[in-house]
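Me: I would like a close look at one part of this structure, with each term explained as you go. Please take one surface feature and then set it within the chain.

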Amino acid sequence: MSSFAYNSHSHYNNSASGPAPPSSSSNPYHNNSFAIHSQKHANNLSNSSTSKKSKVKLHETSEERDRYDNMAELYSLILTTEKLERAYVKDSIKTDEYAQACDDLIAKFKTFKHILGDINIEQFMAQYKMNCPAAYNRLCLIGVNATVEHGSGEKNNSGYIVLETTQHFITAMDSLRLNMRSVDELQPLMKVLVEALNKQSMIEFPAKRKMLDWLRDLNGMRASDELDEHQVRQLLHDLDNAYNEYGGEIKKNQGS
């Protein structure tokens with residue numbers, strides 16, 4: 001059990017200014033009585049000093065200890081994410097290194113958030129005076145790295161990436177039709193779809209933004225959560241619209 005002790009030390013000095021003890025010539029019992037008195041006083045001070053030592057317990061149980069440990073890790077993770085986001089904006093880190101590090105931080109953030117359960121991240125950051133707007137945006141609002149959100153800048157309009165994107169659309173829609181509902185099943189499918197779309201510089205269409213919005217929504221849910229019937233129907237509708245719009249843009253670009 002972690003604790004720290006607060007020590008209060010008393011100082012005793014029998015040579016301090018004041019009336020000197022009576023001489024042995026005027027009091028034959030002085031040496032003995034004064035020694036006894038001094039010893040008693042010293043013992044009292046020692047007992048007083050001991051009584052002032054106290055332990056402040058940071059936690060009562062191992063569960064509380066683990067919670068404090070996880071909160072400390074969460075604090076460090078948020079600060080690290082803030083620094084990573086700032087480094088990426090300043091081009092102080094390579095795109096692929098940023099994406100890998102950010103994905104790792106986001107995954108760990110979700111784990112700690114799940115472990116801590118009822119923690120409110122916004123209140124947590126305010127309580128500990130954490131001025132980390134970029135981290136809050138990336139971890140709590142977006143949930144994916146910036147290369148997924150905006151594209152990596154490394155564009156690719158090859159036939160291979162078009163085929164890959166088409167396959168991602170079909171896989172996502174088929175999964176919904178096969179009654180896949182849980183977030184941990186659907187989120188990876190939407191993530192690779194959005195990543196594939198953002199690799200294509202010339203392909204922009206209204207429904208593309210919907211795909212990112214759905215990915216954000218899924219990132220904000222717990223892995224064990226499931227979409228209800230209305231959400232499944234809406235997602236399937238949005239995927240179908242985006243797929244058709246994407247096909248139209250491909251044909252337009254091939255004809256130009």
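Reply: Y75, L79 and Y128 make a nonpolar surface patch of about 240 Å², where a patch is built from residues with over 30% relative accessible area and no salt bridge, like charges being joined within 9 Å and nonpolar side chains (Val, Leu, Ile, Met, Phe, Trp, Tyr) within 5 Å. A salt bridge here is a side-chain nitrogen of Lys or Arg within 4 Å of a carboxyl oxygen of Asp or Glu, and accessible areas come from the Shrake-Rupley method with a 1.4 Å probe, with only the protein chains shown counting as cover for residues. This is a predicted model, in which local features need pLDDT of at least 70 and side-chain atom pairs count only at pLDDT 80 or more, while totals for chains, interfaces and linings use all residues. Residues are numbered from 1 along each chain as its sequence is written, and side-chain values use heavy atoms, leaving out hydrogens and water.

Within the patch, Y75 belongs to helix α2, residues 62-89, and its relative accessible area of 32% makes Y75 partly exposed, since buried means under 20%, exposed over 50% and partly exposed in between (1.4 Å probe, protein chains only). The protein chain around the patch has 10 helices and 2 strands, which are DSSP runs numbered from the N terminus (helices H or I, at least four residues; strands E, at least two). Of the 256 residues in this chain, 33% are buried, and the accessible surface of the chain comes to about 16300 Å², with 51% of that belonging to carbon and sulfur atoms.
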